[in-house]
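Colleague: Before I rely on the labels attached to this model, I would like to hear the reasoning behind them. Could you take me through it step by step?

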Amino acid sequence: MEERICFQSGELKLEGLYNAGQSNKGVVVTHPHPLYGGDMYNPVVEAITTAYGKLDFSTLRFNFRGVRKSAGHHDFGAGESADVAAAIEFLKEKNIQRVHLSGYSFGAWVNAMALQGSLTVNGMTMVAPPVAFIQFKEGIHLPMLSLIVAGSRDEFAPPTLIAQVMEKWNSSVRFDVIDDADHFFFSYLDEVTRRLVE
């Protein structure tokens, strides 16, 4: 059962939903672009959270700075990367020893940016990384990335473009394309969950 929590990201207080599992594994799940209505209640974020819950991960989804009751303002990725680091620290304070990251759309981009510094995690998945919408920096290396899920009809995360860049991120990544799904995975949310659980 998810409980409402707050945690600090620097001087800002962020809101989240936390569900404690029975294992020492936990995941931070990040949401799509806040300037286009994205928040932690997004259905794809819920599908990701459900998948990790089925695998007995503790789950933390949260609202980036400036979203709903989270303090601050949208920071075009930089501040949001700090929010990811703070969320990871929240899990570690709950004695979570193996931390994973998963993000949808903008959230996947923020996660990739956050991991280019000293921040490290034990595992990572992405759903619809928006490679045709937001510029991913050159030289990104994501050795912990194990799975990318995208829709065949996604114009923001087109599979052909993802296939090109993921070779640079991590050549051993599994790439699952859901036929006929677009960026929002309408009617395919259960399939997103299933692919992640697999």
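Modeller: What follows is a conversation about a predicted model, in which each label is set against its cut-off.

Colleague: What makes strand β6 a mostly covered strand?

Modeller: β6 spans residues 123-127, and five of its five residues are buried, where buried means under 20% relative accessible area. Gly 123, Thr 125 and Val 127 lie on one side and Met 124 and Met 126 on the other, and all of these are buried, which leaves both faces of β6 covered.

Colleague: How do you know that β6 pairs with strand β5 and with strand β7?

Modeller: Two strands pair if there are at least two bridges between them. Five bridges join β5, residues 98-104, to β6, and these two strands run parallel; one of the partnerships sets Ser 102 against Thr 125 in β6. Four bridges join β6 to β7, residues 145-151, again in a parallel arrangement, and here Val 127 has Val 149 in β7 as its bridge partner. Both counts therefore satisfy the requirement of at least two bridges.

Colleague: What lies in the β-α-β unit that includes β5 and β6, and which hand does the unit have?

Modeller: The unit consists of β5, helix α3 (residues 106-114) and β6, and it is right-handed.

Colleague: Why is α3 described as largely enclosed by the rest of the structure?

Modeller: Nine of the nine residues of α3 are buried, so the helix is largely enclosed. Among the buried residues are Phe 106, Trp 109, Val 110 and Met 113, and the buried residues of α3 pack against β3, α2, β5 and β6.

Colleague: Why are helix α2 and α3 called roughly perpendicular?

Modeller: Their axes cross at roughly 80 degrees and come within 9 Å. Angles of 65 to 115 degrees count as roughly perpendicular, and α2 and α3 are therefore given that description. Glu 80, Ser 81 and Val 84 in α2 meet Phe 106, Val 110, Asn 111, Met 113 and Ala 114 in α3, so that by class the contact has five nonpolar, two polar and one charged residues.

Colleague: How do you know that strand β4 is covered on both sides, and which strands pair with β4?

Modeller: Ser 58, Leu 60 and Phe 62 point one way from β4 and Thr 59 and Arg 61 the other way, and all are buried. Strand β2 (residues 12-19) is joined to β4 by four bridges in the antiparallel sense, whereas β3 and β4 pair in the parallel sense over four bridges. Thr 59 in β4 stands opposite Asn 19 and also opposite Val 27. In addition, β3, helix α1 (residues 43-54) and β4 make a right-handed β-α-β unit.

Colleague: What makes the phi of Asp 56 worth a remark, and why is Asp 56 called partly exposed?

Modeller: Most residues other than glycine have a negative phi, yet the phi of Asp 56 is near 65 degrees, a positive value. Asp 56 lies in the loop between α1 and β4. Its relative accessible area is 31%, and because partly exposed covers the range between 20% and 50%, the label fits.

Colleague: Is Phe 185 buried or exposed, and what is its phi?

Modeller: Phe 185, in the loop between β8 and α5, has a positive phi of about 55 degrees although it is not a glycine. Phe 185 has a relative accessible area of 0%, which is under 20%, so this residue is buried.

Technical notes:
Residues are numbered from 1 along each chain as its sequence is written. This is a predicted model: local features need pLDDT of at least 70, side-chain atom pairs count only at pLDDT 80 or more; totals for chains, interfaces and linings use all residues. Side-chain values use heavy atoms; hydrogens and water are left out. Buried means under 20% relative accessible area, exposed over 50%, partly exposed in between (1.4 Å probe, protein chains only). A crossover is right-handed if, with the strands pointing away from the viewer, the path from the first strand over the helix to the second runs clockwise. Axes are lines fitted to C-alpha atoms, for helices over the stretch in contact, and angles run from 0 to 180 degrees between N-to-C directions. Angles under 35 degrees count as roughly parallel, over 145 as roughly antiparallel, 65 to 115 as roughly perpendicular and the rest as oblique. Contact means heavy atoms within 4.5 Å.
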